[in-house]
Amino acid sequence: MRAIVSLVLVICLVTSGASAQTVALPAGQTGDAYFQESARQVRTALAEVPNTGRARNVIIFVGDGMGLSTVVASRIFEGQQRGVDGESNSLVFERFPYVALSKTYSDDMQVTDSAAGITAIMSGVKTGNGVVGLTKAAVRKDCASARGAMALSLAEMAKASGRSAGVVTNTRLTHATPAGAYAHTPHRDWEGSQDMSAEVIAAGCVDIARQLVEAAPAVRMDVALGGGRSRFLPAGAGGKRTDGRDLPREWRDTGGPGALYVQTAAELAAAPVSPSTRVLGLFAEDHMPFEIERVAPGSTAPSLAQMTLKAIDVLSQNPEGYVLLVEGGRIDHASHLGLARRTLTETVAFAEAVKAALGAVDLEDTLVIVTADHSHGLVLSGYADRNAPVLGIAGDEGSRVVGLDGKPYTTLMFATGPGGPDGATGRSDPSTTDTSDPDYRQVAAVGLRSAAHSGEDVVIYATGPQAYLFRGVVDETYTFHVARRALGLDGAPAPATVRKSGKRRLWPF
Ligand SMILES: [Zn+2]
């Protein structure tokens, strides 16, 4: 066989011209659909002209805990839900033309938490786990150490440069990732006054909810949408604050004539939009519901896509541009619980928000970045047949793969989490239960009440001005620096003005 291949090569080389060498390939090879599609993609890549212009706007989407295996499982799930081939399916951001790998370790730990992760992404510095918006000079839970450790976020820099800024999440607005847009604290858990001791308050630390509302106008968010009323309202008035303060009222009282507070999807949709609009939306007492419950009858919570679109609508009122941070935060929560169907459903909802944004912006002047702050221990393994349900059991009926304990196992499993052994019971047989149920808990190797994050690199997907700078294996802090450069805020000679040369948005086209 090797001799035949060599003979074919020799014939082809001999008959080729020196400047346009080609090797004839068998018809069965060139007729393969994947062969043809990838060849087309290479031709498309060759024609790509990087956008080296200035970004008016930057939108950063963070899928919290959205590791690469979560993206792969979600693309398969999303395709299978639509009745198309899942394995070759792509979530919308997987069609962005530029990607890089991001190392996610924090200043003090191999595996980061969301606080240090978002600080790296939004402020360009590595800090310790648990710390938001402060450099590594800050020590967790140490108020005094925060002084002099300030690190400004891209959202605050946008405001300081005359742009607008906003933050959208489906967690509490005071949770670590959204806090990375506007807060600076040595302890991510100090979300409301109820989370702080009298000593901490006396030491001068301000809770995260107050930081959102009390920020100086020069850096204050124009749009803040998410959950977490418990941190904004006093006990007895829909919240659990211990200082009696009604922060939504303060938002309205201090935010100018266009300051609004909304609590439902309908109120958000009806909120008027003008250059003076400033919207605080709190759609749940705690985190917003998982997508599976959010779409159930009786729910009044908006989708991540609806919140993203409203935020863009409001922020676009400023002709100078904006920076928007959007977090799909419940991807992480589902994986902490070991509930893979919810992880995938949340990731699909996150992709829907990206898709909605792409339809509302001009990618010639808007840099869109999709990334994760860290991974989770979700794995996809076990040789299931093509098109087998990704939430099902590895291997088909005819070639069932069983473990050494004689039981089959699911394609998706977790490294750690509540699906792990607790010392009392062995592994259950997944063929005796519905493994696609939203509350089916995948097996984990080690039992933990809440699954641990994982430390491998995550992907940065980018499109728009300066997106071509995303390449190679970079640190999590790199995103900040590309965005800062694209916005023209790094002091370097300004890139060419906004390019208006085409409409190409996704790749391969
Ligand atoms: Zn987490």
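Over which residues does pLDDT stay under 50? In this predicted model, that stretch is residues 7-14, and the model gives them 6 contacts beyond four places in sequence. Where pLDDT is low, the predicted coordinates should not be read in detail, so those contacts are best taken with a pinch of salt. Elsewhere the picture rests on the chain-wide scores: the protein chain averages a pLDDT of 92, and 92% of the residues score at least 70.

Next come the enclosed spaces. Searching the whole structure turns up 3 cavities of 30 Å³ or more, and the largest of them has a volume of about 60 Å³. Its lining is made up of Asn-170, Met-288, Pro-289, Glu-291, Arg-294, Pro-302, Ser-303, Leu-304, Met-307, Glu-346 and Ala-349. Three helices each give two or more residues to this lining: helix 13 (291-294), helix 14 (304-315) and helix 16 (340-358). Sorted by class, the residues around the largest cavity come out as 6 nonpolar, 2 polar and 3 charged. Glu-291, Arg-294 and Glu-346 are the charged ones, while Asn-170 and Ser-303 are the polar pair.

Then there is the open space. The largest pocket has a volume of about 260 Å³. It is lined by 15 residues, and those closest to its centre are Gly-419, Gly-420, Pro-421, Gly-426 and Arg-427. As for the make-up of the pocket lining, nonpolar and polar residues number 6 each, with 3 charged residues besides. Arg-427, one of the residues closest to the pocket centre, belongs to the charged class.

How values were computed:
Residues numbered from 1 in each chain as written. Predicted model: local features only at pLDDT ≥ 70, side-chain atom pairs only at ≥ 80, totals over all residues. Heavy atoms only, no water. 1 Å grid on protein atoms, 1.4 Å probe; cavity = no way out; pocket = protein on both sides within 12 Å on 5 of 7 lines; lining within 4 Å. Points joined across faces, edges and corners; volume = space filled by probe spheres on them. Helix = DSSP H or I, 4+ residues; strand = E, 2+ residues; numbered from the N terminus. pLDDT = per-residue confidence, 0-100. Contact = heavy atoms within 4.5 Å.
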